[in-house]
Amino acid sequence: MTSELYGGQVYYVKVFHYDEAGTGNYGLRVVQNDDNIAGDTLVLNSPITRLINYAGDQDVFVFTPSTTRSYVIKTTGSTDTVGVLSDSNNDPFADNDDSTDLNFSIAYTLTANQTYYIRVKAYNSNLYNASYTLIVQ
Ligand SMILES: [Ca+2]
Ligand SMILES: [Ca+2]
């Protein structure tokens, strides 16, 4: 089930067996809803719009260039974003906060057929429900 929950409130989840007399084990997990849990694949020149779903949300995108050259990775929109570029070992090697506006923009020479990870977060770690559009050019 999906519900919007508010900070400082107490919530109860009642779990019961479909069969009144039934017993058995079950697992229960509460996760924050994210539009980017598995990581999205970024395609050259194909903008992708996602949300900072909750405070502290960091969306991760995967990009594998087909040619070695300089690429520009940036967001557009009204959300103040921060971007971090990492290599296939998830080691960050470039980051940016603001470019000509509050969107980040990273220009870097990337190697063909290497996997890169782009992490997008909001500059304001309390921000949520804020959209941005990510593009690699
Ligand atoms: Ca998200
Ligand atoms: Ca920014």
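A residue counts as buried if 20 or more other C-beta atoms lie within 10 Å of its own, as exposed if 12 or fewer do, and as partly exposed in between. That idea will help as we walk through this structure, which is a predicted model.

**The chain as a whole**

Let us start with the overall build. The protein chain has zero helices and nine strands, so read from the N terminus its elements run β-β-β-β-β-β-β-β-β. Its radius of gyration is 19 Å, well over the 14 Å that the globule rule gives for 137 residues, so the chain is more spread out than a compact globule. Along the principal axes, the C-alpha atoms fill a box of roughly 65 × 30 × 25 Å. Of the 137 residues, 18% count as buried. Contacts that span long stretches of sequence are well represented: among contacts with a separation of 6 or more, 65% come from residues 24 or more positions apart.

**Two open sheets**

Strands of a sheet pair through backbone hydrogen bonds, either parallel or antiparallel. Here, one open sheet is made of four strands in the order E2-E9-E4-E7, with antiparallel pairing. Its edge strands are E2 (48–52) and E7 (105–110), each of which pairs on one side only. On average, neighbouring strands of this sheet are turned by 25 degrees against each other, direction ignored.

Inside that sheet, strand E4 (residues 69–76) and strand E9 (residues 130–136) pair in the antiparallel sense over four bridges. One residue to look for is threonine 75, whose bridge partner in E9 is leucine 134.

The other open sheet has five strands in the order E1-E3-E8-E5-E6, and its pairing is mixed. The edge strands in this case are E1 (40–41) and E6, and each pairs on one side only. Strand E5 (residues 81–86) runs antiparallel to strand E6 (residues 92–96), and four bridges join them. Valine 84 has aspartate 95 in E6 as its bridge partner. E5 and E6 form a hairpin with five residues between them, and asparagine 90 in the turn has a positive phi of about 70 degrees.

**The nonpolar core**

Which residues make up the largest nonpolar core? There are 12 in all: Leu42, Phe61, Phe63, Ile73, Leu85, Leu110, Tyr116, Ile118, Val120, Tyr132, Leu134 and Val136. The elements that give two or more residues to this core are strand E3 (58–63), strand E8 (116–122) and E9. As a core member, Leu110 is worth a closer look. Setting aside residues up to four places away in sequence, leucine 110 touches Pro65, Thr68, Tyr71 and Tyr116.

**Three residues to visit**

Is threonine 79 buried or exposed? Threonine 79 has 20 other C-beta atoms within 10 Å, so it is buried. You will find threonine 79 in the loop between E4 and E5. Not counting residues up to four places away in sequence, threonine 79 touches Ile52, Ala122, Ala130, Ser131 and Tyr132.

Alanine 122, one of those contacts of threonine 79, sits in strand E8. Alanine 122 also has 20 other C-beta atoms within 10 Å, so it is buried. Leaving aside neighbours within four places in sequence, alanine 122 is in contact with Ile52, Thr79, Asp80, Thr81, Leu127 and Ala130.

Glutamine 58 belongs to strand E3. It has 14 C-beta neighbours inside 10 Å, so glutamine 58 counts as partly exposed. Beyond residues up to four places away in sequence, glutamine 58 touches Arg119, Val120 and Lys121.

The table below pairs each of these three residues with another residue, giving their separation along the chain and in space.

| Residue pair | Apart in sequence | C-alpha to C-alpha |
|---|---|---|
| Threonine 79 and tyrosine 123 | 44 residues | 8.5 Å |
| Alanine 122 and tyrosine 132 | 10 residues | 9.5 Å |
| Glutamine 58 and threonine 68 | 10 residues | 27 Å |

How values were computed:
Residues numbered from 1 in each chain as written. Chains lettered and ligands numbered in written order. Predicted model: local features only at pLDDT ≥ 70, side-chain atom pairs only at ≥ 80, totals over all residues. Pairing = 2+ DSSP bridges. Axes fitted to C-alpha atoms, helices over the stretch in contact; angles between N-to-C directions. Rg over C-alpha atoms; globule rule 2.2 N^0.38 Å. Contact = placed C-beta atoms within 7 Å. Core = buried A, V, L, I, M, F, W, Y, C linked by C-beta atoms within 7 Å.
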